[in-house]
Amino acid sequence: MSESSSTRLSVFKTYKLYVGGKFPRSESGRVYEVTDSKGKWLANAPLSSRKDARDAVVAARKAFGGWSGATAYNRGQVLYRVAEMLEGRREQFVREVGEAEGLSKSKAAAVVDAAIDRWVWYAGWTDKIGQIVGGANPVAGPFFNLSTPEPTGVVTVVAPQDSSFLGLISVIAPVIATGNTAVVITSEKAPLPALSLGEVLATSDLPGGVVNILSGKASEMGPHLASHQDVNAIDLAGADAALAKELEIAAADNLKRVLRPQPVDDWNADPGTSRMTAFLETKTVWHPTGSLGAGGSSY
């Protein structure tokens, strides 16, 4: 049969999780149907289990040392590279965001462009945030006192439910820009742009494990991650009031930093620096000046 007379079969995309730089299916083998705003079937997404969540935390912890130890300038270069890769796959994300959020092509394009610009914006902050939140402190006595920000560690991010791409990037980028690693629970109803983002991250210069993406039910994975002893912080951006309360209580078990959801998150607004500073710790160093101390250092 000639190619011109044959009808091609549709090649459906198999969406997978993104954990440790690899693309596993859920260890449970479960999937769930993802539909567009009109109820039309789009794909089957992996339904992540608590075991998948634990694997993601292990991967994030393993990646933390190298990522947090990289220079801020290098992290900025890596984030900018991700933006380059997103730009190259812009049409794919316009289609996926349009289907996920029920937007026209022009409106979906505006969302994707804003998301790419947001990624570039955070890339530019990596080597500047330390100058904003750190510095020399005035103290009494012959001492030199310097405060510097350091990343908190492994951060669980409950992605926004109503903004599958711009909101998603607005909560992931500030976490990793400041040297943290992330375990992301996607929007349950619109996970496909997030799962495709994993493919972009894998083909950029971002080390495996820095961002780990899980699709499924936040109500199933969230309590486990919030109480996990190796998770240091949690962003509740996409949690409803009942789930946010449950996760905040669970997070108190090992004194996690908790970023509470806002009553109204306008993802198109200027993001400011609050999401970067939310997951930074301040290290303060004291040192004698003049002739005090062994070998008395002078600054």
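Let's start at Trp 121, which is partly exposed at 29% relative accessibility. Keep in mind as we go that this is a predicted model. Right next door in the sequence, Tyr 122 tells another story: its relative accessibility is 0%, so it counts as buried. The rings of Trp 121 and Tyr 122 sit with their centres 5.0 Å apart and their planes at 85°, so this is an edge-to-face pair. Add Trp 125 and you have a cluster, with ring pairs linking Trp 121, Tyr 122 and Trp 125.

How many aromatic pairs does a search of the whole structure find? It finds 5. One worth a look is Phe 93 with Phe 165, a stacked pair with 4.7 Å from centre to centre and 20° between the planes. Phe 93 belongs to helix H3 (residues 90-101), while Phe 165 sits in the loop between S5 and H6, so the pair ties together parts that are 72 residues apart in sequence. Phe 93 is buried, at 0% relative accessibility, and Phe 165 is buried with a relative accessible area of 0% as well. For another kind of ring interaction, turn to Arg 61, which lies over the face of Phe 64 at 5.6 Å from the ring centre.

Now go back to that loop. Ser 164 is found there too, between strand S5 (154-158) and helix H6 (166-177). Is Ser 164 buried or exposed? With a relative accessibility of 2%, Ser 164 counts as buried. Its side chain has a partner in there: a polar contact of 2.7 Å joins it to the side chain of Glu 101. Setting aside neighbours within four places in sequence, Ser 164 is in contact with Val 97, Ala 100 and Glu 101, and also with Ala 190, Pro 193 and Ala 194. Since H3 covers residues 90-101, the contacts with Val 97, Ala 100 and Glu 101 bring us back to the helix that carries Phe 93.

From the loop, step back along the chain into S5 and you are in a sheet. This one is open, has 5 strands in the order S7-S6-S5-S8-S9, and pairs in parallel. At its edges stand strand S7 (211-214) and strand S9 (257-259); each has a single partner strand, so one side of each is left without a neighbour in the sheet. From one strand to the next, the twist averages 15°. Inside the sheet, S5 and strand S8 (residues 233-235) pair in the parallel sense over 3 bridges, and you can spot Thr 156 standing opposite Ile 234 in S8. Helix H8 (residues 218-227) packs on this sheet, where it touches S5, strand S6 (181-185), S7 and S8. The direction of H8 makes about 150° with that of S6.

There is another open sheet to visit, made of 3 strands in the order S3-S4-S10, and here the pairing is antiparallel. Which strands stand at the edges? They are strand S3 (135-137) and strand S10 (280-288), each with a single partner strand, so one side of each has no neighbour in the sheet. Neighbouring strands here are turned by 30° against each other on average, direction ignored.

Strand S4 (residues 143-151) pairs with S10 in the antiparallel sense over 9 bridges. Along that pairing, Phe 144 has His 287 as its bridge partner in S10, and Pro 151 stands opposite Leu 280. With S3, S4 pairs over 3 bridges, again in the antiparallel sense; Asn 137 stands opposite Asn 145 in S4. S3 and S4 form a hairpin with 5 residues between them, and in the turn Gly 141 has a positive phi of about 100°.

Let's finish on Leu 146, which lies in strand S4. Leu 146 is partly exposed, with a relative accessible area of 31%. Leu 146 and Ala 136 are 10 residues apart in sequence, yet their C-alpha atoms are 4.4 Å apart in space. Not counting residues up to four places away in sequence, Leu 146 touches Gly 135, Ala 136 and Asn 137, along with Lys 283, Thr 284 and Val 285. Gly 135, Ala 136 and Asn 137 fall within S3 (135-137), and Lys 283, Thr 284 and Val 285 within S10 (280-288).

Notes
Residues are numbered from 1 along each chain as its sequence is written. This is a predicted model: local features need pLDDT of at least 70, side-chain atom pairs count only at pLDDT 80 or more; totals for chains, interfaces and linings use all residues. Side-chain values use heavy atoms; hydrogens and water are left out. Helices (H or I, at least four residues) and strands (E, at least two) are DSSP runs, numbered from the N terminus. Buried means under 20% relative accessible area, exposed over 50%, partly exposed in between (1.4 Å probe, protein chains only). A polar contact is a pair of N or O atoms within 3.5 Å; within protein, one must be able to donate a hydrogen and the other to accept it, and residues adjacent in sequence count only if both atoms are side-chain atoms. Contact means heavy atoms within 4.5 Å. Rings of Phe, Tyr and Trp (its six-membered ring) pair if their centres lie within 6.5 Å; planes under 30 degrees apart count as stacked, over 60 as edge-to-face and the rest as tilted. A charge sits over a ring if NZ of Lys or CZ of Arg is within 6 Å of the ring centre and within 35 degrees of the ring normal. Two strands pair if DSSP finds at least two bridges between them. Axes are lines fitted to C-alpha atoms, for helices over the stretch in contact, and angles run from 0 to 180 degrees between N-to-C directions.
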